[in-house]
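Trainee: I'd like a close look at one part of this model, with the aromatic side chains as the way in. Could you walk me through it?

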Amino acid sequence: ASEDMTVKLWDPAEKKEVGALAGHKAAVRAVAFSGDSSTAATASHDKTVKLWNVAERKEQATLEGHSDAVWDVAFQPGGELLASAGADRVIKLWNPAEAKEQATLAGHTGWITCLAFSPDGKTLASAGFDRTIKLWNMPEGKEQATLTADQGTIWSLAFSPDGQTLVSGGKQGVRRWDVKTGMERPWPGQEKKSEKKEQAEE
(Lines give C-alpha, C1' and ligand atoms only; values in the text may rest on other atoms or scores of the structure.)
Protein backbone atom coordinates (compact mmCIF):
# COMPACT_ATOMS: atom_id res chain seq x y z
CA ALA A 1 0.00 0.00 0.00
CA SER A 2 1.33 3.44 -0.81
CA GLU A 3 0.92 7.05 -1.87
CA ASP A 4 0.84 5.98 -5.54
CA MET A 5 -2.72 4.66 -5.01
CA THR A 6 -1.77 1.03 -5.68
CA VAL A 7 -1.11 -2.16 -3.74
CA LYS A 8 1.94 -4.20 -4.71
CA LEU A 9 1.91 -7.99 -4.39
CA TRP A 10 5.24 -9.68 -3.69
CA ASP A 11 6.70 -13.18 -3.70
CA PRO A 12 8.68 -13.19 -0.40
CA ALA A 13 10.71 -16.25 -1.39
CA GLU A 14 11.81 -14.76 -4.71
CA LYS A 15 11.84 -11.21 -3.33
CA LYS A 16 10.11 -9.85 -6.40
CA GLU A 17 6.88 -8.11 -7.34
CA VAL A 18 4.27 -10.43 -8.83
CA GLY A 19 1.40 -8.05 -9.39
CA ALA A 20 -0.38 -4.85 -8.46
CA LEU A 21 -3.91 -3.79 -7.54
CA ALA A 22 -4.88 -0.43 -9.02
CA GLY A 23 -8.17 1.37 -8.71
CA HIS A 24 -8.13 3.73 -5.74
CA LYS A 25 -8.15 7.48 -6.41
CA ALA A 26 -6.02 8.46 -3.42
CA ALA A 27 -3.35 7.00 -1.12
CA VAL A 28 -3.93 3.46 0.16
CA ARG A 29 -3.56 3.27 3.94
CA ALA A 30 -4.04 -0.42 4.76
CA VAL A 31 -4.49 -3.93 3.36
CA ALA A 32 -6.01 -7.06 4.91
CA PHE A 33 -6.37 -10.61 3.62
CA SER A 34 -9.33 -12.90 4.23
CA GLY A 35 -8.60 -16.10 6.15
CA ASP A 36 -8.22 -18.18 2.99
CA SER A 37 -6.15 -15.43 1.28
CA SER A 38 -8.50 -15.38 -1.71
CA THR A 39 -9.74 -11.85 -1.04
CA ALA A 40 -7.90 -8.67 -0.13
CA ALA A 41 -9.49 -5.54 1.31
CA THR A 42 -7.85 -2.13 0.91
CA ALA A 43 -8.53 1.14 2.74
CA SER A 44 -7.91 4.49 1.11
CA HIS A 45 -7.99 8.25 1.55
CA ASP A 46 -10.56 8.27 -1.26
CA LYS A 47 -13.13 7.32 1.44
CA THR A 48 -13.66 3.80 0.08
CA VAL A 49 -12.80 0.19 0.83
CA LYS A 50 -12.17 -2.08 -2.13
CA LEU A 51 -12.40 -5.88 -2.29
CA TRP A 52 -10.09 -7.74 -4.66
CA ASN A 53 -9.82 -11.24 -6.11
CA VAL A 54 -6.17 -11.87 -5.29
CA ALA A 55 -5.56 -14.70 -7.77
CA GLU A 56 -7.02 -12.77 -10.68
CA ARG A 57 -5.79 -9.34 -9.49
CA LYS A 58 -9.29 -8.00 -10.16
CA GLU A 59 -11.51 -5.62 -8.22
CA GLN A 60 -14.63 -7.34 -6.89
CA ALA A 61 -16.42 -4.45 -5.22
CA THR A 62 -16.12 -0.91 -3.89
CA LEU A 63 -17.62 -0.31 -0.45
CA GLU A 64 -18.85 3.25 0.00
CA GLY A 65 -20.17 4.70 3.24
CA HIS A 66 -17.34 6.52 4.99
CA SER A 67 -17.40 10.31 4.87
CA ASP A 68 -13.63 10.76 5.19
CA ALA A 69 -10.35 8.90 4.70
CA VAL A 70 -10.35 5.20 5.65
CA TRP A 71 -7.31 4.28 7.74
CA ASP A 72 -7.63 0.58 8.47
CA VAL A 73 -9.47 -2.62 7.55
CA ALA A 74 -9.66 -6.00 9.27
CA PHE A 75 -11.31 -9.32 8.42
CA GLN A 76 -13.06 -11.22 11.17
CA PRO A 77 -11.55 -14.72 11.51
CA GLY A 78 -13.82 -16.89 9.41
CA GLY A 79 -14.45 -14.06 6.96
CA GLU A 80 -18.08 -13.35 7.85
CA LEU A 81 -17.42 -9.69 8.66
CA LEU A 82 -15.07 -6.97 7.47
CA ALA A 83 -14.43 -3.90 9.62
CA SER A 84 -13.20 -0.52 8.39
CA ALA A 85 -12.55 2.78 10.17
CA GLY A 86 -10.89 6.13 9.73
CA ALA A 87 -11.08 9.89 9.94
CA ASP A 88 -14.87 10.03 10.17
CA ARG A 89 -14.56 8.51 13.67
CA VAL A 90 -16.85 5.54 13.03
CA ILE A 91 -16.41 1.84 12.34
CA LYS A 92 -18.28 0.23 9.47
CA LEU A 93 -19.10 -3.47 9.54
CA TRP A 94 -19.56 -5.10 6.14
CA ASN A 95 -20.69 -8.43 4.76
CA PRO A 96 -17.81 -9.04 2.33
CA ALA A 97 -19.61 -11.84 0.51
CA GLU A 98 -22.46 -9.52 -0.44
CA ALA A 99 -20.47 -6.26 -0.35
CA LYS A 100 -23.13 -4.73 1.90
CA GLU A 101 -22.89 -2.55 5.00
CA GLN A 102 -24.14 -4.28 8.14
CA ALA A 103 -23.70 -1.66 10.86
CA THR A 104 -22.02 1.58 11.93
CA LEU A 105 -20.34 1.73 15.34
CA ALA A 106 -19.93 5.19 16.89
CA GLY A 107 -18.18 6.17 20.10
CA HIS A 108 -14.68 7.42 19.32
CA THR A 109 -14.08 11.18 19.47
CA GLY A 110 -11.03 11.22 17.21
CA TRP A 111 -9.73 9.59 14.04
CA ILE A 112 -9.61 5.80 14.26
CA THR A 113 -6.23 4.54 13.11
CA CYS A 114 -6.27 0.81 13.84
CA LEU A 115 -8.49 -2.24 14.22
CA ALA A 116 -7.96 -5.82 15.37
CA PHE A 117 -10.22 -8.85 15.77
CA SER A 118 -9.66 -11.35 18.55
CA PRO A 119 -8.69 -14.85 17.33
CA ASP A 120 -12.19 -16.19 18.02
CA GLY A 121 -13.75 -13.26 16.16
CA LYS A 122 -16.01 -12.34 19.08
CA THR A 123 -14.29 -9.05 19.95
CA LEU A 124 -13.19 -6.13 17.79
CA ALA A 125 -10.69 -3.63 19.19
CA SER A 126 -10.35 -0.10 17.84
CA ALA A 127 -8.12 2.86 18.74
CA GLY A 128 -6.76 6.13 17.46
CA PHE A 129 -6.34 9.82 18.09
CA ASP A 130 -8.63 10.01 21.13
CA ARG A 131 -6.11 7.92 23.12
CA THR A 132 -8.66 5.25 24.00
CA ILE A 133 -9.12 1.61 23.03
CA LYS A 134 -12.66 0.39 22.58
CA LEU A 135 -13.72 -3.25 22.68
CA TRP A 136 -16.84 -4.22 20.73
CA ASN A 137 -18.89 -7.39 20.97
CA MET A 138 -19.30 -9.20 17.64
CA PRO A 139 -21.47 -9.62 15.70
CA GLU A 140 -23.88 -7.40 17.68
CA GLY A 141 -21.51 -4.43 17.58
CA LYS A 142 -22.15 -3.38 21.18
CA GLU A 143 -19.41 -1.53 23.05
CA GLN A 144 -18.00 -3.76 25.82
CA ALA A 145 -15.39 -1.51 27.34
CA THR A 146 -13.24 1.58 26.90
CA LEU A 147 -9.59 1.32 27.93
CA THR A 148 -7.88 4.62 28.67
CA ALA A 149 -4.35 4.46 27.35
CA ASP A 150 -2.13 7.36 28.37
CA GLN A 151 0.26 6.78 25.47
CA GLY A 152 -0.69 9.45 22.96
CA THR A 153 -2.17 8.53 19.60
CA ILE A 154 -2.47 4.76 19.24
CA TRP A 155 -1.25 3.41 15.90
CA SER A 156 -1.45 -0.36 16.23
CA LEU A 157 -3.33 -3.15 18.01
CA ALA A 158 -2.77 -6.90 18.23
CA PHE A 159 -4.35 -9.74 20.19
CA SER A 160 -2.32 -12.60 21.65
CA PRO A 161 -3.05 -16.03 20.07
CA ASP A 162 -5.20 -17.03 23.07
CA GLY A 163 -7.18 -13.77 22.86
CA GLN A 164 -6.63 -12.94 26.52
CA THR A 165 -4.15 -10.11 26.00
CA LEU A 166 -4.33 -7.05 23.77
CA VAL A 167 -1.22 -5.03 22.92
CA SER A 168 -1.37 -1.40 21.84
CA GLY A 169 1.41 0.62 20.26
CA GLY A 170 1.38 4.39 20.58
CA LYS A 171 3.41 7.55 20.53
CA GLN A 172 4.63 6.93 24.07
CA GLY A 173 5.34 3.23 23.94
CA VAL A 174 3.73 -0.20 23.97
CA ARG A 175 1.15 -1.31 26.51
CA ARG A 176 -0.59 -4.63 27.11
CA TRP A 177 -4.07 -5.19 28.48
CA ASP A 178 -6.11 -7.93 30.10
CA VAL A 179 -9.07 -8.27 27.72
CA LYS A 180 -11.38 -9.74 30.36
CA THR A 181 -10.82 -7.12 33.06
CA GLY A 182 -9.78 -4.17 30.91
CA MET A 183 -6.80 -3.56 33.19
CA GLU A 184 -3.29 -2.86 32.01
CA ARG A 185 -0.84 -5.73 32.45
CA PRO A 186 2.73 -4.84 33.41
CA TRP A 187 5.47 -6.26 31.23
CA PRO A 188 7.74 -8.88 32.86
CA GLY A 189 10.09 -7.11 35.22
CA GLN A 190 7.90 -4.04 35.66
CA GLU A 191 6.23 -5.50 38.73
CA LYS A 192 9.58 -5.71 40.55
CA LYS A 193 10.50 -2.17 39.52
CA SER A 194 7.20 -0.88 40.89
CA GLU A 195 7.71 -2.71 44.17
CA LYS A 196 11.22 -1.26 44.57
CA LYS A 197 9.94 2.24 43.83
CA GLU A 198 7.18 1.90 46.45
CA GLN A 199 9.66 0.60 49.04
CA ALA A 200 12.04 3.48 48.32
CA GLU A 201 9.22 6.03 48.73
CA GLU A 202 8.27 4.49 52.10
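Mentor: Let's go through the rings around Trp71 and then turn to Ser44. Keep in mind that this is a predicted model.

The structure has five aromatic pairs. Take Trp71 and Trp111 to begin with: their ring centres are 5.6 Å apart and the planes meet at 50 degrees, so we call this pair tilted, given that planes under 30 degrees apart would count as stacked and those over 60 as edge-to-face. Along the chain these two are distant, with 40 residues separating them. Trp71 belongs to strand S7, residues 70–75, while Trp111 is in the loop that runs between strand S10 (100–106) and strand S11 (112–117).

Trp71 has another partner, Trp155. That pair is tilted too, with 5.9 Å from centre to centre and 40 degrees between the planes. Since Trp71 is in strand S7 and Trp155 is in strand S15 (residues 154–159), the pair ties together parts that are 84 residues apart in sequence.

Now check how much of each ring-bearing residue is covered. Trp71 has a relative accessible area of 11%, and because buried means under 20%, it gets that label. Trp111, at 36%, is partly exposed, and so is Trp155, at 42%. Step back and you get a cluster: ring pairs link Trp71, Trp111, Phe129 and Trp155.

Trp71 also has a charge to deal with. Arg29 places its charged end over the Trp71 ring, 4.0 Å from the ring centre.

Arg29 is a handy bridge to Ser44, as it turns up among the residues Ser44 contacts. Setting aside neighbours within four places in sequence, Ser44 is in contact with His24, Ala26, Ala27, Val28 and Arg29, and also with Ala69 and Val70. You'll find Ser44 in strand S4, which covers residues 39–44. With a relative accessible area of 0%, Ser44 is buried. Its side chain reaches the backbone nitrogen of Asp46 at 3.0 Å. For a sense of spacing, pick Ala32: it sits 12 residues from Ser44 along the chain, and the two C-alpha atoms are separated by 12 Å.

So, when you go back to the view, centre on Trp71: find the rings of Trp111 and Trp155 that pair with it, then the charged end of Arg29 over its ring, and from Arg29 step across to Ser44.

How values were computed. Residues are numbered from 1 along each chain as its sequence is written. This is a predicted model: local features need pLDDT of at least 70, side-chain atom pairs count only at pLDDT 80 or more; totals for chains, interfaces and linings use all residues. Side-chain values use heavy atoms; hydrogens and water are left out. Rings of Phe, Tyr and Trp (its six-membered ring) pair if their centres lie within 6.5 Å; planes under 30 degrees apart count as stacked, over 60 as edge-to-face and the rest as tilted. Helices (H or I, at least four residues) and strands (E, at least two) are DSSP runs, numbered from the N terminus. Buried means under 20% relative accessible area, exposed over 50%, partly exposed in between (1.4 Å probe, protein chains only). A charge sits over a ring if NZ of Lys or CZ of Arg is within 6 Å of the ring centre and within 35 degrees of the ring normal. Contact means heavy atoms within 4.5 Å. A polar contact is a pair of N or O atoms within 3.5 Å; within protein, one must be able to donate a hydrogen and the other to accept it, and residues adjacent in sequence count only if both atoms are side-chain atoms.
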